[in-house]
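Q: I am new to this structure and would like to look closely at a single part of it before I try to take in the rest. Could you choose one place to begin, and then explain step by step how that place is connected to its surroundings?

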Amino acid sequence: MWSREIPAETFDEALRVIRALGKHRYVAGRTHMVHALAAADVLDWARDVTLDDDIDKASRDERLTRAITDDELCAVLASYWSEDTGARACDALLERLERFTVDIHASDDDDVFPLLVDAGWELLRLGELDAERHRGAIEAYGERIAYDVARFEEEEAAEPVAYLQELPAMGPSELIRGTLPLTLWLAGNETYQDYVIRGVLRAAKLG
């Protein structure tokens with residue numbers, strides 16, 4: 001994977017980009033996981049988990065995390081990054097971390113604990129693109145032969161090729177301080193990724 005810095009200068013702009021990442025026609029799927037300690041003030045299930053005495057909130061118990069939708073992801077992030085609710089949400093998170101004696105750490109190998117938000121999208125494979133609906137991405141290669149070569153390489157790869165767009169792993173520090181400048185982690189063909197990201201920036205009114 002490689003990183004791409006997004007020209008978002010404010011949290012509002014970062015949230016616009018994150019919303020746009022989930023709404024374009026090249027999205028094949030998404031995997032967003034959120035920790036109950038991060039979402040307790042936003043999502044009912046998360047609040048219920050924090051109230052469940054059978055779950056050790058300082059552990060890696062799988063019941064502490066759950067898959068969420070694009071809208072829920074944005075709602076959680078907005079609660080920390082908006083001017084209206086940010087200070088209150090950050091204070092509440094710090095209180096929960098202290099109350100449950102959570103040992104916070106971020107090691108050199110990026111083993112963030114607790115991992116509060118882990119979010120990303122997968123794009124359609126080149127072989128799944130429709131000639132009309134996805135014409136823009138195909139034409140981004142210039143000569144048609146360049147797209148055909150990239151598609152052939154995808155088909156002949158020893159392992160299935162994944163086109164991923166991932167947000168940075170977010171622990172307490174990233175939620176409280178924010179992730180500006182916003183960096184995306186990308187995997188897959190660079191021409192394809194560049195085309196999609198430029199479209200996302202236009203949709204977010206940043207390009």
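A: A good place to begin is residue M33, which stands opposite A67 in strand β3. Please keep in mind throughout that this is a predicted model, and that everything described here is computed from it. The strand β3 pairs with strand β2, which spans residues 27–35, and the two run in the antiparallel sense and are joined over 4 bridges. In general, the strands of a sheet pair through backbone hydrogen bonds, and they may do so in a parallel or an antiparallel way.

Stepping back from this pair, one finds that β2 and β3 belong to an open sheet of 6 strands, whose order is β1-β8-β7-β6-β2-β3 and whose pairing is antiparallel. The strands β1, residues 2–5, and β3, residues 65–68, stand at the two edges and have a single partner strand each, so each has one side that is left without a neighbour in the sheet. From one strand to the next, the sheet twists by 25 degrees on average.

Returning to β2, its connections can also be followed through a side chain, since R30 forms a salt bridge with D70 in which the closest N and O atoms are 2.8 Å apart. Because R30 lies in strand β2 whereas D70 lies in helix α4, residues 70–81, this pair ties together parts that are 40 residues apart in sequence. The two partners can be told apart by their exposure, for R30 has a relative accessibility of 38% and therefore counts as partly exposed, while D70, at 16%, counts as buried because the cut-off for that term is under 20%.

This salt bridge is one of 15 that the structure holds, and another involves a loop that leads to β3. There, the side chains of R60 and D111 meet in a salt bridge with an N to O distance of 3.6 Å. R60 sits in the loop between α3 (44–50) and β3, and D111 in the loop between β4 (105–106) and β5 (112–113), so that this pair ties together parts that are 51 residues apart in sequence. Of these two residues, R60 is exposed, with a relative accessible area of 55%, whereas D111 is partly exposed, at 32%.

At the other edge of the sheet, where β1 stands, the surroundings include a helix. Helix α9, residues 190–203, lies across β1, β6 (117–123), β7 (164–166) and β8 (183–187), and it runs at about 25 degrees to β1. Helix α9 also meets helix α1, residues 11–21, and the axes of these two come within 8 Å and cross at roughly 125 degrees. An angle of that size makes α1 oblique to α9, and the contact between them is made by V17, A20 and L21 from α1 together with I197, V200, L201 and A203 from α9. The crossing itself is right-handed.

Seen from M33 and its opposite residue A67, the path has therefore led along the sheet from β3 at one edge to β1 at the other, and from there to α9, which lies across β1 and three further strands, namely β6, β7 and β8.

Definitions and conventions
Residues are numbered from 1 along each chain as its sequence is written. This is a predicted model: local features need pLDDT of at least 70, side-chain atom pairs count only at pLDDT 80 or more; totals for chains, interfaces and linings use all residues. Side-chain values use heavy atoms; hydrogens and water are left out. Two strands pair if DSSP finds at least two bridges between them. Axes are lines fitted to C-alpha atoms, for helices over the stretch in contact, and angles run from 0 to 180 degrees between N-to-C directions. Contact means heavy atoms within 4.5 Å. A salt bridge is a side-chain nitrogen of Lys or Arg within 4 Å of a carboxyl oxygen of Asp or Glu. Buried means under 20% relative accessible area, exposed over 50%, partly exposed in between (1.4 Å probe, protein chains only). Angles under 35 degrees count as roughly parallel, over 145 as roughly antiparallel, 65 to 115 as roughly perpendicular and the rest as oblique. A crossing is left-handed if the near helix is turned anticlockwise from the far one by less than a right angle, and right-handed if clockwise.
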